[in-house]
Protein chains: 2
Amino acid sequence: MAPPVTLDTINPKVLKCEYAVRGEIVTLAQRIQQELQSNPGSHSFDEILYCNIGNPQSLGQQPITFFREVLALCDHPAILDRSETQDLFSADAVERARQILDQIPGRATGAYSHSQGIKGLRDTIAAGIQARDGFPADPNDIFLTDGASPAVHMMMQLLIRSEEDGIFCPIPQYPLYSASIALHGGTLVPYCLDEETGWGLEISELKKQLEAAKSKGIAVRALVIINPGNPTGQVLAEENQRDIVEFCKTEGLVLLADEVYQENVYVPEKTFHSFKKISRSMGYGEEDLCLVSFQSVSKGYYGECGKRGGYMEVTGFNADIREQIYKMASVNLCSNISGQILASLVMSPPKVGDKSYKSYCAEKEGILASLARRAKALENAINNLEGVSCNKAEGAMYLFPRIYLPQKAIQAAEDANIAPDAFYCRRLLNATGIVVVPGSGFGQVTGTWHFRCTILPQEDKIPAVISRLTDFHKGFMDEFRD
Amino acid sequence: MAPPVTLDTINPKVLKCEYAVRGEIVTLAQRIQQELQSNPGSHSFDEILYCNIGNPQSLGQQPITFFREVLALCDHPAILDRSETQDLFSADAVERARQILDQIPGRATGAYSHSQGIKGLRDTIAAGIQARDGFPADPNDIFLTDGASPAVHMMMQLLIRSEEDGIFCPIPQYPLYSASIALHGGTLVPYCLDEETGWGLEISELKKQLEAAKSKGIAVRALVIINPGNPTGQVLAEENQRDIVEFCKTEGLVLLADEVYQENVYVPEKTFHSFKKISRSMGYGEEDLCLVSFQSVSKGYYGECGKRGGYMEVTGFNADIREQIYKMASVNLCSNISGQILASLVMSPPKVGDKSYKSYCAEKEGILASLARRAKALENAINNLEGVSCNKAEGAMYLFPRIYLPQKAIQAAEDANIAPDAFYCRRLLNATGIVVVPGSGFGQVTGTWHFRCTILPQEDKIPAVISRLTDFHKGFMDEFRD
């Protein structure tokens, strides 16, 4: 009897889905890491440097103390009244834990919550959004999720009926979007960001691609925008955001705003503005625009990827659609409570006068200032490489340099049957232990080649990253220069 | 301009999906609860008793101390070396937290892990499975997930290509399965459990339904079995399990074994056996059967629903299919680390000689013994109701009594345009504040009516539940008796 499950008999959408951030190059890196462990000295480097993924704490970033204190106390509330706890934990963490527990029915952090998340925590998050934007936010619009990814899947599942439904995505894009659209059987409708203008978004490009999609019989349902950009690191200008809002309103598109890097802005001339703030400041309300904003505890200065906390703020949908979104959330019961609590903490951190305020600010500013320095140092170093140009990392956690590969390298990649940028990245890994992701995993203008490199190695490692990368690149060019 | 998203333009699979456990009756209960808060005395009862969902801690069950100690310490490892910690936490919890942190690369509980979960925790879980079954388990077969639900979705997404792919589900079934099959566009192929024989599973029924499905052009891909049963509470006999394994092997079906209630067995004459143990003891190995076992931290004596921890053990699939499952897991990066840690703890609790062993056993046995008493008390009371019969809750957390509704009640329900069991449950809620789920949400033999009631109210509440239910039922029968 034939095995019941083969590649020919599984869901072809699963086969089609790709996720480069944890793709082939990472599998290779894990193998090398095992070789280094079992046989030190087997490679010309002694550790793998994972610059493939926005996972700050895996590279040594420390968690924010206040957040972890509150989480620990909520996990084990039995110690709240013990005198030792006063010595071990900051007073405002104890107080915050009590407040949070009071918001949870029965103080039961081990119970399923409301499917959208604990109401009191949603109140806190809504207040945080309101403080950020200067416009009201409604706790009933908040859906707490296990990180931003499940929220994105939920919206794709809601909107996509068949491959005739299209979702606008930037190129390059974070591959969660291409993967999720593939899994749900829709069509990714690309719009290209303009590398020449620092990954700018041109409305003319959107219009052109919308027409092209229509002519193929594809109904575009939504527009994904990632701000600050991933993998591109740009921060959108306010005026550009207004144009995008206007375009979505005019064309009847749902605006899916990936705003998980809202705290990660490194240049004084740029500021993050949420799309909700922009649309409300244009006078647009619930009736004018379907807008979903995604936020996560994995990014920002907190970088709590392992906690899987996040939310989406859902505005502009009719009540009957909201009910369907609620139903989808309820099938999975609720997101994890620690993640819910953490999402409320990042949207409502210690304030002036709180016992932890000073140490909290020092931790936060230390991390953000260091990220800015690392971004700058890597950007400069990469721009010093022959045949490489790199836009500024204004925000997010990535650089996305363009490599002008020599024809001989492209030919060698073709002979090896892989994309030229994957060829470069594999060589880099084998020579230096540095893991970056080929641009082809994110999408790029045909004939251009890039890679994505995080700015996350700790500062004491940055010189080594730069010198290893520089040496490798020089050797690579020497080998393949036309 | 028409709103961009309407019920006519969303994914019809979302529309089709139903999830009774958090359906209409729960929405009504939440409304009444708000009324009770804002206007005490507005109803003839003073609180809502949620017997609709297996959510033990929401009804006052206390978490297992050792588990919470370890979670708190892993959340805030900075206190591990403080002297106060020795006074606040048990010594073996401190030791376990250290062990776990040592298993996490960089001790970073705030980092994304391997997409299948932290390797050291999977080692612990595999060892726990091996100790339970007496057969080897491989950590590479374990996929840690945010509760069992995402794991079930993942398998449905893998197996279902179109509505011509069928998934065998018991009737009655836990509505996660019907919801997930609907969302992924497959066909639920029902097999009826036999209420007369205590919700027994007859192979003849499986054969009959398999033929019926084939004649409709449906290829059945997998068989879902829930043991101990939800909503039915039965524990399968070993011989019955062997027949099921044989059937799946012969017919080339993937066996999806929902074993989340493996610790919830209340009668001395029954024992839980995993399907993996059964199939291995029959001499069947990897080549013979595709078998997925689902486990969750939400059930058992621990009942940690809010932590969203769980795993699936995936055996019998080819390497190329395993790669596809890994890819699906990697798109969502990883499950939450606290849930991962807790999954390792429930599969490896304190052992003889450990400092916490005695108190752990007392907590565990206290909860399980109380659940057994509550199950028995409710079962007896329900069987004393006129026109109601109820099988034993041998396991799980539910009773699923059959109500022989008078014709007049059925007529009244028809007039109100709802299912007769939903009519009964709504009346029950309005009269008593007790929330149960109509049998129609789980599926039942046509013309029979049931409801699902958890055994989870705390013991001091059970007499009130019984007397309120008894009084209501008497009044209901008096009103509608033919």
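Me: How many residues does each chain bring to the contact between chain A and chain B?

Reply: Chain A gives 93 residues and chain B gives 92. Keep in mind that this is a predicted model. A residue counts here if its heavy atoms come within 4.5 Å of the other chain.

Me: And how much area is buried between chain A and chain B?

Reply: About 7,400 Å², with carbon and sulfur atoms giving 56% of that. The figure is the accessible area lost on putting the two parts together, summed over both.

Me: What makes Asp75(A) and Lys307(B) a salt bridge?

Reply: The cut-off is a side-chain nitrogen of Lys or Arg within 4 Å of a carboxyl oxygen of Asp or Glu. For Asp75(A) and Lys307(B) the N to O distance is 2.4 Å, so the pair qualifies. Between chain A and chain B the count is two salt bridges, while a search of the whole structure finds 50 over all chains.

Me: Why is the pair Asp81(A) and Arg98(A) called a salt bridge too?

Reply: By the same test, really: the limit is 4 Å, and the closest N and O atoms of Asp81(A) and Arg98(A) are 3.2 Å apart. Asp81(A) sits in the loop between helix H3 (65-75) and helix H4 (83-88) of chain A, and Arg98(A) sits in helix H5 (residues 91-103) of that chain, so the pair ties together parts that are 17 residues apart in sequence.

Me: What makes the empty space in here a cavity?

Reply: A 1.4 Å probe has to fit there but be unable to get out. With a volume of 30 Å³ or more required, the whole structure has seven cavities. The largest cavity has a volume of about 790 Å³.

Me: Which residues lie nearest the centre of the largest cavity, and how many line it?

Reply: Its lining has 37 residues, and nearest the centre are Pro150(A), Asn332(A), Pro150(B), His153(B) and Asn332(B). Strand E2 (142-145), helix H7 (148-159) and helix H12 (319-331) each give two or more residues to this lining, in chain A and in chain B.

Me: How do the lining residues of the largest cavity divide?

Reply: Into 18 nonpolar, 15 polar and four charged. Pro counts as nonpolar, so Pro150(A), one of the residues nearest the centre of that cavity, goes in the nonpolar group.

Me: How do you know where the "domain: Aminotransferase class I/classII large" feature is?

Reply: That comes from UniProt, in an unreviewed entry, which places the feature at residues 93-463 of chain A. Over residues 93-463 the chain is 42% helix and 15% strand.

Me: What is the make-up of the "coiled-coil region"?

Reply: UniProt, again in an unreviewed entry, has that annotation covering residues 361-388 of chain A. In the model, residues 361-388 are 82% helix and 4% strand, with the end C-alpha atoms 37 Å apart.

Me: Which peptide bonds are cis, and with what omega?

Reply: Among them is the bond from Asn227(A) to Pro228(A), with omega near -10°. Another is the bond from Asn230(A) to Pro231(A), with omega near 10°. Pro228(A) is in the loop between strand E5 (219-226) and helix H10 (238-251) of chain A, and Pro231(A) is in the loop between E5 and H10 as well.

Conventions:
Residues are numbered from 1 along each chain as its sequence is written. Chains are lettered from A and ligands numbered from 1 in the order in which they are written. This is a predicted model: local features need pLDDT of at least 70, side-chain atom pairs count only at pLDDT 80 or more; totals for chains, interfaces and linings use all residues. Side-chain values use heavy atoms; hydrogens and water are left out. On a 1 Å grid over the protein atoms alone, a cavity is a set of points where a 1.4 Å probe fits but cannot get out, and a pocket is an open set with protein on both sides within 12 Å along at least five of seven lines; lining residues have an atom within 4 Å of a point. Grid points are joined across faces, edges and corners, and a volume is the space filled by probe spheres set on the points. UniProt positions are given in the numbering used here, feature names are shortened, and annotations may be inferred rather than shown by experiment. Buried area is the accessible area (1.4 Å probe) that two parts lose on being put together, summed over both.
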